[in-house]
Amino acid sequence: MWSRLVISRFIYSFPIQLMMLLIKKNHLLLLYWFILFGFVTGLLSQRFGIPYLFLDPEYIGSVGFRSFFIMGFATGCFIMVFNISSYIINGFRFPFIATLSRPFMKFTVNNFIVPTVFVLVYVYQIISFQIYNEFQSFGDAFIDVIGFLTGLILAILFTLTYFFRTNKDIIKMFGIEASDSDPDAPVALHLQKKETEEKRRRFSFRMKYAKQWRVDTYLANPFKVKLVRHTEHYKKEMLESVFRQNHLNAAIVEIVVFVLFILMGLLKEYSIFKIPAGASIILIFSMLLMLSSAFRFWLKSWSASVFIFLVILVNFLSRYGIFYPENRAYGLKYSGHHAEYSLSNFQKLSTPDIVKGDFENTKKILENWRSKFYKKPKLIFVNCSGGGLRATMWTFRVMQMADSLTNNQFMNCSELITGASGGIIGASYYRESYLKQQLGLIHDYRSNEHLYDIAKDLLNPVTFSLTVSDMFLNIQKFREDGSVYTKDRAYAFERQLNENSRSVFSKRLDDYKMPEEKALIPMMIFAPTIVNDGRRLLMSPQPISYLTNHDRDTSFHFDPTIDGVEFGKLFREQNASHIKFTTVLRMSSTFPYVLPAVTLPSEPVTQVMDAGIRDNTGLKTSQKFLYVFREWIEENTSGVIFLDIRDSHRTRPIEVKPRMTVFENIMTPLGNIYGNLLTIQDYNQEESFEYSKSWFKGKADYITIELPTREQEISLSWHLTTREKNSIFNSAYLPQNKAAFDQLTKILKEN
């Protein structure tokens, strides 16, 4: 009998009932916790590095006590917002709470299960991550945890102190004694031992029609359990007055947090306000939670309808750039005449005379390059794949090793660099460092200092900007060259990229025209994808219409489709050559949702995204270049080398999948097409490479250097851990990559 009583009182304890209520009715509240658990444990978005924002947060360029203190404070705010929202939404189901002294504090104490489990899991994950991924000592990881817990406790104490000072309980409001202040007060009807039929009838009727949940016990404080007292003698109006007064104070807290969040977005230019992106995600969850609970409190049954109406309204207004302003290419002119984006105009921009002139211009560049050698050299095409920051560091590392092992012959022989996303950023930084040494501005362009500069975090500023401004009314602008642009996450990306690279990318596209013409550095051709129709937008400081043109043979009746557009000619009147070089890099690296698509000044309006959508390694561009200049290359070189720098395996192992569920069968067709997009590109490119044997008579070598990401699980994101950086650095010494470097060295030595 005693054990049954204990079990019953445990099951009907306030903490357990609040947990059951959360699972049964508060699915939105539970969803936020589910997402946060997924982030901190790495079960959600591990591939894209989102967990790093929580486990390795950066603040003013460093990870430590301060950054984890802010993470803890944000987590504490979310916990208290969770309690406030639960109190607003569910308080009426537990009227006995209104009869207690300090009702909100007691509600918070009892609503501890999910927050406590989350904090324990988070603390464990912090220690584990910092020790095994950042190679910190246990003592340093423990200091990080102390910082987290300090911020957490302060946030909770600040909130509770506010409620202590502003909330009025039933004692202060009506001068009535609280139900928990009299130890001799009778317990609730359903707990009384001598329970008459009338009491049972009254209790069952109340539970059925008043939507009240049964509670037998509650925590008066973290260490003391009390029985729920009899509250039938309290007037309903009194209890509702207590709840309303508490809800009003909670709403004031929500408004203050909302205003502070908006102010933080407005002040994001100042480094002190650039809190860790993980903290900004937690705070935005807090704000969304507050807004949803406020909707339910003020609008009650109308809340869902009003919310749907607002979503439709915002979606409609966003068409006019009110809530979601378009992102622009920095340096282009958007006022006045817009470029004509049409097939007829494409043909005007690539007439035979124009193509011939561009061909002769590039031929002079090739001849300047050839003049550096006393005998026929090898011509190297560098193709570098996309893949976030891992591809950036890996591309730089491979080019660094190739130059070192070949005594700088690698860069001397390289004449064209193409690729996508992170890879093209790493190659651009290496080329820029090489140029600076050519000009006598730096001593060693192969320095590891440059390698680790370009591997610095880019994810934190992008995510911070996304959460504090881009998702809301972003009104911050900046003016440059007569055009006005929005300070969004694209702006944050370019700014941080410049900071990481010591501002070496503070150039315009046209600044590379002369160094390329003199063959001081290899040519680079960028090819972001035009969203409207899938064409490639070919970008270079040189005129390159020959890459958009197709040979016409009277004996072969075929009308080819134009699959590429030359940026420089199409947007000549919009100052195409004046575009910022960081914007060119960003346009080739615009992964969906992470960075906004770039809107161009054309009619009709066009947008561009990641180059990897069409050509992840740049091999398509290299092959077309080889085809156009095949006769000159056959005559003036001893052959070509395609150096394929990849952030993943070129030949992927066949996956053995178990029998699929119904949902997996529904999602697999679309999921596999998207997941195998890059593999399909490889199939097509290898086929075209095979066909090139029929039209290229010179010697060609294809060398692949791969980063084995599947085995080492390096995330596809703009953030790298210390372990991942070490893994990338050391992957150059893997047997298969050593063999590839040996092959490259041997070919160049034989030349």
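Here are a few short exercises on this predicted model, each with a worked solution.

Residues are numbered from 1 along each chain as its sequence is written. Local features need pLDDT of at least 70, side-chain atom pairs count only at pLDDT 80 or more, totals for chains, interfaces and linings use all residues, and side-chain values use heavy atoms, with hydrogens and water left out.

**Exercise 1. The whole protein**

Task: Find how many helices and strands the protein has, and what percentage of its residues count as buried.

Solution:
- Start with the secondary structure: there are 31 helices and 17 strands. Helices (H or I, at least four residues) and strands (E, at least two) are DSSP runs, numbered from the N terminus.
- Next, look at burial: 53% of the 751 residues count as buried. Buried means under 20% relative accessible area, exposed over 50%, and partly exposed in between, with a 1.4 Å probe and protein chains only.
- Finish with contacts, meaning heavy atoms within 4.5 Å. Among contacts between residues at least 6 apart in sequence, 80% join residues at least 24 apart.

**Exercise 2. Strands side by side**

Task: Work out the order of the strands in the open sheet that contains E6, and say which strands stand at its edges.

Solution:
- Begin with E5 (residues 379–384), which is joined to E6 by 5 bridges and runs parallel to it. Two strands pair if DSSP finds at least two bridges between them.
- Zoom in on one bridge here: Phe381 has Leu416 in E6 as its partner.
- Now move to E9 (residues 523–524): 2 bridges join E6 to E9, again in parallel. Ile417 stands opposite Met524 in E9.
- Put the pieces together: the open sheet has 5 strands in the order E9-E6-E5-E16-E17, with parallel pairing.
- E9 and E17 (700–706) are the edge strands; each has a single partner strand, so one side of each lacks a neighbour in the sheet.
- As background, strands of a sheet pair through backbone hydrogen bonds, either parallel or antiparallel.
- Last, check the cover of E6 (residues 414–419): 6 of its 6 residues are buried, so E6 is largely enclosed by the rest of the structure.

**Exercise 3. A cavity and its walls**

Task: Describe the second largest cavity by its volume and by the elements that line it.

Solution:
- First, count: the whole structure holds 7 cavities of 30 Å³ or more. On a 1 Å grid over the protein atoms alone, a cavity is a set of points where a 1.4 Å probe fits but cannot get out, and lining residues have an atom within 4 Å of a point.
- The second largest cavity has about 110 Å³ of space. Grid points are joined across faces, edges and corners, and a volume is the space filled by probe spheres set on the points.
- Helices H20 (459–470) and H21 (489–500) each give two or more residues to the lining, and H21 supplies the largest share, 5 residues.
- Sort the lining by type: 4 residues are nonpolar, 2 polar and 5 charged. Here Ala, Val, Leu, Ile, Met, Phe, Trp, Tyr, Cys and Pro count as nonpolar, Asp, Glu, Lys and Arg as charged, and the others, Gly among them, as polar.
- Finally, look at H20 itself, where 11 of 12 residues are buried, including Pro461, Phe464 and Ser465.

**Exercise 4. One residue on a helix**

Task: Decide whether Phe158 is buried or exposed.

Solution:
- Locate Phe158 in helix H8 (residues 138–166).
- Its relative accessibility is 52%, so Phe158 counts as exposed.
- Phe158 and Cys77 lie 81 residues apart in sequence and 9.4 Å apart in space, C-alpha to C-alpha.

Conventions: On a 1 Å grid over the protein atoms alone, a cavity is a set of points where a 1.4 Å probe fits but cannot get out, and a pocket is an open set with protein on both sides within 12 Å along at least five of seven lines; lining residues have an atom within 4 Å of a point.
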